[in-house]
Every structure is written in C-alpha cells, then in structure tokens.
Amino acid sequence: MLSETIYHLRDGVQVRKEKFGLLFYNYRGPRLYFVPTEDLLDPDFFTSCRKAGELVDSIEAANAWPRSWIENWVDRIMITLEQKGLIYGQSIC
Amino acid sequence: MGNQYVDMGLSAPVNVTWEVTYACNLSCIHCLSDGGKKRRGELTTEECMQVIDTLSEMKVFQFNIGGGEPFMRSDFLDLIDYAHAREMVTCISTNGTLIDDDIARRLDSPLVYIQVSLDGASPDSNDAIRGKGSFRNVIKALACLRKRDIEVSINTVLTHRSFPELDRMVALAAEYGAKLRVSRFRPSGRGKASWSQLNIGKTQMIAFSDWLSRHLRVSTGDSFFSISTEDRRSLGLNMCGACKLTCCISPEGNVYPCAFLQDQEFLAGRLPADDFADIWENSPVFHSFRALEIKSCESCHRFDLCHGGCPAIAYHTQRKLGIPDPGCLANCVSIKPMAAEVYQ
C-alpha cells in the first residue's frame, strides 16, 4: 500500500468528474481514458496534495468496506494511472 | 473507446469543433462550410471569449478550430492565447496559406496542433481542388512550422483524385515531419455540388480500407468508422461522437451536432446567448441524436466496429437519419468481426 504517496497529474493531463467516475484527457495521447471510480475518487485528489492513505481513510469512513479491500482498490487505480502516463507518485517518506 | 461510459452521458463534450469564421482566401470545390466571405453575425472577439470561458468552465478539453480559414480573423491568435490561458488544447485546421514565420512563432505552444489541408501531392492535383498557388504556399507553411517543431498533420480529403496519390502524400508528410490524416469527403457545403464529381466508389473504398490497414500510422480522425477494421480499432472512434463526445459551433455561435449537420433542423441553440450546459444536457436535437438507432445495422457482424457509420452522410445523400451509412462495406467486403470491446 502506497499510503504515504501523493499523486499528481502529469503535464498535459486533465481530468474531470463523470457519472461513471473520472475521465482523463492527455494531450500527448492516447487522448481519453475512462476510469469507473463512481463517486469514490474526486478529480481534486490529484491537485490537493492528499496522501493515498488519506483517500483510503475517507472512503472507509463513508463506506462499510474492509480497509484492505479499499487499499487494494486504490493501489490498483493509482498503479494503472501511472502506467498509462497520466499521473506520477511522489513519496513523502 | 469506452462506449458504455459514453452512453451513460458525459457532462460536457470532450472536444468542440468551432468554425470561427466563414471568411477564406481559398475557394476549395469540396469546402464543407461553403467558406468565402465573412458573413454578418459572426461572433465578435468578446463573444468568442465568452464561449471559451463557458466551455472552459465545463471542462471541455479541446477545441477543433476551423472555418473558413481561421487565420482570416484578425483576432484569431489572441483567441488562441485566451484558450491556452485556460489550458484548453487547440487543434487548428487551416489551409496553411497565411502561416509565415511570425505566425509559427506565435503558435509555438504544446497546446497547439496544426492540421494543414492538402489534397494532392503535387501542385497540379492539389491546386485543381484548392486553387492555383495553394500547394506552393502550403509547402512554405510546412517549412515554417517544422522550423518550430510544431506538431503538424497534413489533412487530405479522400476523393477519387486524392486516392491515387496517398502513397506520395505519406512521403510528403514524412519529408516535413508531419503526420498524414485522411478525412472523409462529406456532401455538405460546396461538397454537395462536387459530391458526384469527387466521391470515391465502393471499389476504391475497399482498396482504401486495405491501404489503411497497411498504413497504421495514418490517422483518420472520426471519419472512417464505417470501414474500420480490426487492426485499426484502437486508433479512433468506432461510432459517431456527435452529441456524445463532441458538437459544433458555427461562426455565428449556432450549436449543432457536428460540422456536417448545420441545417436548420439540427440547430440546438445559440452562443453566447443560450446556456451551453443546458443545450448539451437538454436540447431536444441532442437528445434525439443520442437516441438515434440504426436498427437495420444492429444484426450486422460489423456493428460494434461502426455502429452504423456516419449519420451526416446518410442524411445528405438520402435526407434521412437512422439509416445505414451509404459508404458501409459490409455487403461488399468481408471484414473480421470485433473480438471484444476495449477502452482507453
């Protein structure tokens, strides 16, 4: 779990909220990436300097789900977005 | 493309095609907007800035700007700067003839893409469609843009004249560090009058489909999903994006489903007077377009590849929506069905 990591949008990447979750746009292409996060992840997360662990905390507080499940979900999303070149992680440890 | 997410309805277009003026210094025989002289009622600079503000607030990511010839507007570069200050990407379709070193310098931004129109690989073939001297001027523009390392595509409208020159167009684009984009000829604007003269037939369309499969780096935008093949399915849309991912604003601020459907019956509203968010969300025109089903295509093995193709071509050739794209190849060529849907 990368709980101490802050994630930022890469240069040229924008993101907005949609019904299904987040829609990323990367002007360096490929242009669009649809991420079905529903209401669990807000675009502001990527500009707020909040740690991934804090995101897990807020999801856990709002939903009666096992913490390990939420941690895995957040990890998977962030790793995928990093691999797609849309975000980068900055460890504050 | 994540069609299932698009079908849920997006909060705003991903990109908006904006024809900023009808004024043009060329008189191409296939011009989709019948460009020529500036017309009364074109948006002022202030109105254009209001439009940019509105779309920026809705988080529209990109403008696809065309005309007419955008550089005919004396305020055009200021409008581009205004959009960039709001982090909006501008993809500018131009005939290239007005681009010089000074303009190239102003365009030198990572938020700019330039698409220069060229309809042949030689002065003879290009100028027959776009006007005398246009080939030479476009080549000059390409050289100016290359010096600045600005990302450029050469856009060629597929006609029976340009089709035999596509290999040479690929080479020409490479010579100037540009990509080649082939877009579909549609019978709107002056294209209505030149349709029968320039449109390619099914035999050439089949040959073009094969050619595209051999040239995966050639882009087609959203033009050719009617002939999409499995090997190109990740390169672009597999459905019409009108009213789902995109829409069009005319030089007067009229909002339409797409640049090729600017007839009165498709008018959804007018900017900046009307609320764009309301148009996007509630316009009956946009609602009916989103609900458009091409029932006769749904049993076709190619349906997931094209979703019935381009409604604008169906409309302009047969005055009907909801019918198959006349350029569909399903009945004359066997193309492998799509294995599974992917999104990116």
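In chain A of this predicted model, three strands form an open sheet in the order S2-S3-S4, and the pairing between them is antiparallel. Strand S2 (13-18) and strand S4 (32-35) of chain A are the edge strands, each of them paired on one side only, and neighbouring strands of this sheet are turned against each other by 20° on average when direction is ignored. Within the sheet, strand S3 (residues 21-26) of chain A runs antiparallel to S4(A) and is joined to S4(A) by four bridges; at the level of single residues, Leu23(A) has Phe34(A) in S4(A) as its bridge partner.

Chain A also contributes a side-chain link between two helices. Arg67(A) and Asp57(A) meet through their side chains in a salt bridge, with a distance of 2.9 Å from N to O. Because Arg67(A) belongs to helix H2 (residues 67-83) of chain A and Asp57(A) to helix H1 (residues 52-62) of chain A, the pair ties together parts that lie ten residues apart in sequence. Over all chains, the structure holds 19 salt bridges.

Turning to chain B, the reader finds an open sheet of nine strands with mixed pairing, whose order is S6-S5-S4-S3-S2-S1-S7-S8-S9. The edges of this sheet are strand S6 (179-184) and strand S9 (269-270) of chain B, each of which pairs on one side only. One of the pairings in chain B is that of strand S2 (residues 62-66) with strand S3 (residues 89-94), which is parallel and extends over four bridges; here Phe63(B) has Thr90(B) in S3(B) as its bridge partner. Helix H9 (residues 202-214) of chain B packs on the sheet, where H9 touches strand S5 (152-158) and S6 of chain B, and the direction of this helix makes about 150° with that of S6(B). Helix H2 (residues 45-57) of chain B, for its part, lies across strand S1 (15-19), S2 and strand S7 (246-249) of chain B, and runs at about 170° to S1(B).

Several backbone details of chain B deserve a closer look. Most residues other than glycine have a negative phi, and most peptide bonds are trans. In the loop between H2 and S2 of chain B lies Lys59(B), a residue other than glycine whose phi is positive, near 65°. Beyond S2, the peptide bond from Gly67(B) to Gly68(B) is cis, with omega near 20°, and Gly68(B) has its place in the loop between S2 and helix H3 (76-85) of chain B. A cis peptide bond also joins Leu271(B) to Pro272(B), with omega about 0°; Pro272(B) is located in the loop between S9 and helix H10 (276-282) of chain B.

Finally, the two chains can be considered together. Their contact draws on 24 residues from chain B and 17 residues from chain A, and between them the chains bury about 1,900 Å², of which 61% is on carbon and sulfur atoms. On the side of chain B that touches chain A, the residues divide into 17 nonpolar, five polar and two charged. What kinds of polar link does the interface of chain B and chain A contain? Ten residue pairs are found in polar contact across it, both residues of each pair being at pLDDT 80 or more, whereas the count of salt bridges between chain B and chain A is zero.

Technical notes. Residues numbered from 1 in each chain as written. Chains lettered and ligands numbered in written order. Predicted model: local features only at pLDDT ≥ 70, side-chain atom pairs only at ≥ 80, totals over all residues. Heavy atoms only, no water. Contact = heavy atoms within 4.5 Å. Buried area = accessible area lost by both parts, 1.4 Å probe. Salt bridge = Lys/Arg side-chain N within 4 Å of Asp/Glu carboxyl O. Polar contact = N/O pair within 3.5 Å; in protein donor to acceptor, adjacent residues only side chain to side chain. Nonpolar A, V, L, I, M, F, W, Y, C, P; charged D, E, K, R; others polar. Pairing = 2+ DSSP bridges. Axes fitted to C-alpha atoms, helices over the stretch in contact; angles between N-to-C directions.
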